[in-house]
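Got the viewer open? Let's walk through this one stop by stop, selecting as we go.

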Amino acid sequence: ARELIVPPYGDPEFEAALFEILVAHRIALVMPVGTASFARLVPIGDRIRQFASIVAVDPERLRMCFSKQRTYEFAKALGVPTPRSYYPQDLAELVALAHKVPYPCVLKSLYELGPSVVDYAQSPDELIRKYERMCDAHRFTADTGLPLIQEYVPGVGCGFFAVYDNGVCGPTFQ
């Protein structure tokens, strides 16, 4: 029926404002939407549950979901095919990989960030140039997670999303 505004997630007043609204307005359910929302609210989920229900997973599962490397490793362990992926740790490793990966190839952020960070390269020189540009544009470092390089799989991309509760599929959308 109306909109309630809290300070941005990084603001020191965010949590106090959130809990004040939960109590004052008797909010029954907190439903994070988007990567940033889950990243900010899941770690304080136990405190939120003192006042309202929250749609969330445990923090360790969330970290796996946000890490493309960990997600691909999990998928492989289950026998789900995944594109061949490379995780350079520095520029020297990137240069060596640039002459080994098949082209075209895909460059993408190592972690889910909300907006899609993806580019394509057709040659070793283009890969190195675009990789450095992506790192500069998004401030990716070895500490924050350097982009991954993946084999290109032709086809149509589709998104499928589902809410699971301990392995039981609930609402889905695509």
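**Stop one: a helix residue and its contacts**

Select Ala98 and show what surrounds it: setting aside neighbours within four places in sequence, Ala98 is in contact with Tyr103, Pro124, Leu127 and Ile128. Keep in mind that you are looking at a predicted model. Ala98 itself belongs to helix H6, residues 91–98. Is Ala98 buried or exposed? Its relative accessibility is 0%, and buried means under 20%, so Ala98 counts as buried. Before moving on, add Cys135 to the selection and draw a C-alpha to C-alpha distance from Ala98: the two are 16 Å apart in space and 37 residues apart in sequence.

**Stop two: the four-stranded sheet**

Now switch to cartoon view and pick out strands E3, E6, E4 and E5. In that order they make an open sheet of four strands, with antiparallel pairing. Which strands stand at the edges? They are E3 (85–86) and E5 (118–121); each has a single partner strand, so one side of each is left without a neighbour in the sheet.

Next, select residues 68–77, which is helix H5. This helix packs on the sheet and touches E3, E4 and strand E6 (148–151). Look along H5 and then along E6: their directions make an angle of about 40°.

Zoom in on E4, residues 105–108, and its partner E5. The two run antiparallel and are joined by four bridges. For a landmark, select Lys108, and you'll find Val118 of E5 standing opposite. While you have side chains switched on, remember that in a regular strand they alternate between the two faces of the sheet.

**Stop three: a hairpin**

Move along the chain to E7 and E8. These strands pair in the antiparallel sense over four bridges. Select Phe161 and you can jump across to Phe173, its bridge partner in E8. Then go to the turn: the hairpin has two residues between the strands, and Asn166 there takes a positive phi near 50°.

**Last stop: the largest pocket**

Show a surface if you like, and centre on Cys65, Phe160, Phe161, Ala162 and Val163. Of the 39 residues that line the largest pocket, these lie nearest its centre. The pocket holds about 2100 Å³ of space. Which elements give two or more residues to the lining? Colour helix H2 (35–41), helix H4 (59–66), H5, strand E7 (161–165) and strand E8 (168–173), and you have them. Finally, colour the lining by residue type: you should get 26 nonpolar, eight polar and five charged residues.

Definitions and conventions:
Residues are numbered from 1 along each chain as its sequence is written. This is a predicted model: local features need pLDDT of at least 70, side-chain atom pairs count only at pLDDT 80 or more; totals for chains, interfaces and linings use all residues. Side-chain values use heavy atoms; hydrogens and water are left out. Two strands pair if DSSP finds at least two bridges between them. Contact means heavy atoms within 4.5 Å. Axes are lines fitted to C-alpha atoms, for helices over the stretch in contact, and angles run from 0 to 180 degrees between N-to-C directions. On a 1 Å grid over the protein atoms alone, a cavity is a set of points where a 1.4 Å probe fits but cannot get out, and a pocket is an open set with protein on both sides within 12 Å along at least five of seven lines; lining residues have an atom within 4 Å of a point. Grid points are joined across faces, edges and corners, and a volume is the space filled by probe spheres set on the points. Ala, Val, Leu, Ile, Met, Phe, Trp, Tyr, Cys and Pro count as nonpolar, Asp, Glu, Lys and Arg as charged, and the others, Gly among them, as polar. Buried means under 20% relative accessible area, exposed over 50%, partly exposed in between (1.4 Å probe, protein chains only).
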